[in-house]
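Open the model in your viewer and keep the sequence panel beside it, because each stop on this tour begins with a selection.

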Amino acid sequence: MLHITPDEKELTPLPTVIFFHGHMSAKEHNLHYAYQLAEKGFRVILPDAHLHGERTEGLDNVQISLRFWEIVLTSIEELAFLHEELHKRNLVMGRVGVGGTSMGGITTMGAMTVYPWIGAAAIMMGAGNYVELAQAQMTQYESRGFQLPISEEERSQMLATLSMFDSVQHQSKFNNRPIYFWHGEQDVTVPFEQTYRLFKSLRKQYEEVPEKIVFRREREAGHAVSRAGMLEATEWFAKHLAE
């Protein structure tokens, strides 16, 4: 992982964000988020996801794609370790924020359903409809004539496991915590509509605190976060983790 802090503040308790990268990416590809946050006085942890970056096992894109949900669930599990270790070392001031791009945003949404200690989140072209997304991925593979290496029983078990982290099924777990979404309307990798639909459903819970849930959509954007979106996400953490 990369550990980014303001100058000479490595051992000082600071507001902290853990930020996850996307599929087939690596920790250093989100350094611009870390730089902006460090400039605002934050500590930022950028982990390499399972099978990515320095944790590569030499698999090709297809092999890694087939293990997509294993990677996501591993990151969610490892997030608990990172949180515990940061507190053991007395490095955190206040609550911890979590965010990510693409697969990292998907990871963040799942983490929100199981970790009430997350103080604020930023979902950059991510999604929380785990079961629907997994089913669509499997259908897409099979429509191309690709035989998935799992039995029907394993498929059912996988979907049952994913349902435990599915934001659609566990909306009450968000509990009015600040959450920022950014999504390009032309995104064909992580579909815009499903995430926007989930946002509109979640927003009903936030009626008393509407300022704590924001969805920034960009009409012409695809699967790449704009600079404006990146800056808004870092401002979101600065605002809500400093409260």
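Begin by selecting Leu66, which you will find in helix α2, a helix made of residues 61-66. Please keep in mind throughout that this is a predicted model. Leu66 has a relative accessible area of 34% and is therefore partly exposed, since that category lies between 20% and 50%. Now add Val62 and Phe146 to the selection, and you will see that these residues and Leu66 form a nonpolar patch on the surface, whose accessible area comes to about 210 Å² together.

Next, select helix α8, residues 227-240. How far apart should its ends be? At 1.5 Å a residue, the 14 residues of this helix should span 20 Å, and the C-alpha atoms at its ends are indeed 20 Å apart, so the expectation and the model agree.

Stay with α8 and colour its buried residues, which are Gly229, Met230, Ala233, Thr234, Trp236, Phe237, Ala238 and His240. As you look along the helix, it helps to remember that an α-helix has 3.6 residues a turn, so residues three or four places apart point the same way. If you then show what surrounds the buried residues of α8, you will find them packing against several elements, including strand β2 (14-20), helix α1 (31-39) and strand β4 (92-101).

The next stops concern charged side chains. Side chains of opposite charge can pair when their charged atoms come close. Select Glu235 together with Lys40, which form a salt bridge with their closest N and O atoms 2.9 Å apart. This pair links distant parts of the chain, for Glu235 belongs to helix α8 and Lys40 to the loop between α1 and β3, 195 residues apart. Then move to Glu232, whose salt bridge with Arg216 has its closest N and O atoms 2.8 Å apart. Here too distant parts of the chain are linked, with Glu232 in helix α8 and Arg216 in strand β7, 16 residues apart.

Finally, select Lys27 and Asp48, whose side chains meet in a salt bridge of 2.7 Å from N to O. Lys27 lies in the loop between β2 and α1, while Asp48 lies in the loop between β3 (43-46) and α2, so the pair ties together parts that are 21 residues apart in sequence. Are these two residues buried or exposed? Both Lys27 and Asp48 are buried. Add Glu28 and Glu54 to the selection, and you will have a network of salt bridges that links them with Lys27 and Asp48. If you wish to continue, a search of the whole structure finds 13 salt bridges.

Note on methods: Residues numbered from 1 in each chain as written. Predicted model: local features only at pLDDT ≥ 70, side-chain atom pairs only at ≥ 80, totals over all residues. Heavy atoms only, no water. Helix = DSSP H or I, 4+ residues; strand = E, 2+ residues; numbered from the N terminus. Expected span 1.5 Å × (residues − 1). Buried < 20%, exposed > 50% of the residue type's maximum accessible area, 1.4 Å probe, protein only. Contact = heavy atoms within 4.5 Å. Patch = residues over 30% accessible without salt bridge, like charges linked within 9 Å, V, L, I, M, F, W, Y side chains within 5 Å. Areas by Shrake-Rupley, 256 points an atom, 1.4 Å probe, with all protein chains shown as cover. Salt bridge = Lys/Arg side-chain N within 4 Å of Asp/Glu carboxyl O.
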